[in-house]
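Colleague: Please take a close look at one part of this model for me, the salt bridges, and then set them beside the pocket and the surface. I would like every cut-off stated where its term comes up.

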Amino acid sequence: MKIVIVGCGRVGASVAEAYDRSGHQVLIIDSSTAAFDRLPSSFGGTAIRGDGTDEDVLKRAGAEGADVFLALTEGDNRNVMAAQLAAEELGIDRVIAKINDPLRAKAYAELGIATLCRTGLMVDAVDHYLGFPTSGLPGMLAPTGHHGAHHDTDPQPATNAAGTLSAVGAASSTASSTSNPVPNAGPTSSQEA
């Protein structure tokens, strides 16, 4: 299975390592070369320095045709923008965006993006450990809407999916000029996107 991961933080690197070890074809993208230091020297996937919210970067990196796309950066807006591009422009069916804000996680799921809300998952883990009832905050939410449904809404502030989608064009114009190859991330294929 071809799996694309945007964000090589602790979660992204751990997921990339696990899927690589399971024999999947893994492509991980991050804007920071130092982030790839989190990958083990045994990582056999491809690590590319670039902006995962830039459609051209994603295409040049080989994200098209992926079976799974995971947006796992630290920023909710970046994750939603990358997830929208993957679903709408690259035609990837299985897309998940990590969202920290429970309200945004629910809203984006209603707009057609599967969301993983670490806030809800962590609160429920603590509650479970303490023997308390679950919080009711969203954890993993399947998409309940359609990816294109947000195009009929009026643009809202950046916290709204319609606003973040329009910001993709602005990010695209500057991001491709800053993409550089990963100098040394073990046996990882170093590429420029």
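Modeller: What follows starts with the overall fold, goes through the salt bridges one pair at a time, and then turns to the pocket and the surface.

This is a predicted model, in which local features need a pLDDT of at least 70 and side-chain atom pairs count only at pLDDT 80 or more, while totals for chains, interfaces and linings use all residues. Residues are numbered from 1 along each chain as its sequence is written, and side-chain values use heavy atoms, with hydrogens and water left out.

The protein has six helices and eight strands, where helices (H or I, at least four residues) and strands (E, at least two) are DSSP runs numbered from the N terminus. Read from the N terminus, the order of elements is β-α-β-β-α-β-α-β-α-β-α-β-α-β. Of its 193 residues, 47% are buried, a word that stands here for under 20% relative accessible area, with exposed meaning over 50% and partly exposed the range in between (1.4 Å probe, protein chains only).

The whole structure contains five salt bridges, each being a side-chain nitrogen of Lys or Arg within 4 Å of a carboxyl oxygen of Asp or Glu. One of them joins Glu55 to Lys59 at 3.0 Å, N to O, and both partners belong to helix α2, where they are four residues apart, about one turn of the helix. With relative accessible areas of 21% for Glu55 and 34% for Lys59, both side chains of this pair count as partly exposed.

Another salt bridge brings Glu74 together with Arg118, and its closest N and O atoms are 3.0 Å apart. Distant parts of the chain are linked by this pair, since Glu74 is in the loop between β4 (68-71) and α3 (76-89) and Arg118 is in helix α5, 44 residues apart. Glu74 is partly exposed because its relative accessibility is 49%, and Arg118, at 27%, is partly exposed as well. The two also take part in a network of salt bridges that links Glu74, Lys98 and Arg118.

What is the setting of the salt bridge between Arg104 and Asp76, buried or exposed? Their side chains meet at 3.8 Å, N to O. Arg104 is located in helix α4 (residues 102-110) and Asp76 in helix α3, so this pair ties together parts that are 28 residues apart in sequence. As for the setting, Arg104 and Asp76 are both buried.

Glu74 appears again at the largest pocket, whose volume is about 330 Å³. Among the 21 residues lining this pocket, Gly7, Asp30, Thr73, Glu74 and Arg78 are the closest to its centre. Both α1 and β2 (25-30) contribute at least two residues to the lining, and α1 has the largest share, with three residues. Here a pocket is defined on a 1 Å grid over the protein atoms alone as an open set of points where a 1.4 Å probe fits, with protein on both sides within 12 Å along at least five of seven lines, and lining residues have an atom within 4 Å of a point. The grid points are joined across faces, edges and corners, and the volume is the space filled by probe spheres set on them.

A polar contact adds a further side-chain pair, Thr53 with Asp51 at 2.6 Å; the term covers N or O atoms within 3.5 Å, one able to donate a hydrogen and the other to accept it within protein, and residues adjacent in sequence count only if both atoms are side-chain atoms. Thr53 sits in the loop between β3 (46-49) and α2 (55-61) and is buried because its relative accessibility is 5%.

Helix α5, which holds Arg118, also holds Val126 within its residues 118-130. Val126 is partly exposed, with a relative accessible area of 47%, and together with Tyr129, Leu130 and Phe132 makes a nonpolar surface patch of about 480 Å². Such a patch joins nonpolar side chains (Val, Leu, Ile, Met, Phe, Trp, Tyr) within 5 Å, from residues with over 30% relative accessible area and no salt bridge, and the areas come from the Shrake-Rupley method with a 1.4 Å probe, where for residues only the protein chains shown count as cover.

How values were computed: Patch = residues over 30% accessible without salt bridge, like charges linked within 9 Å, V, L, I, M, F, W, Y side chains within 5 Å.
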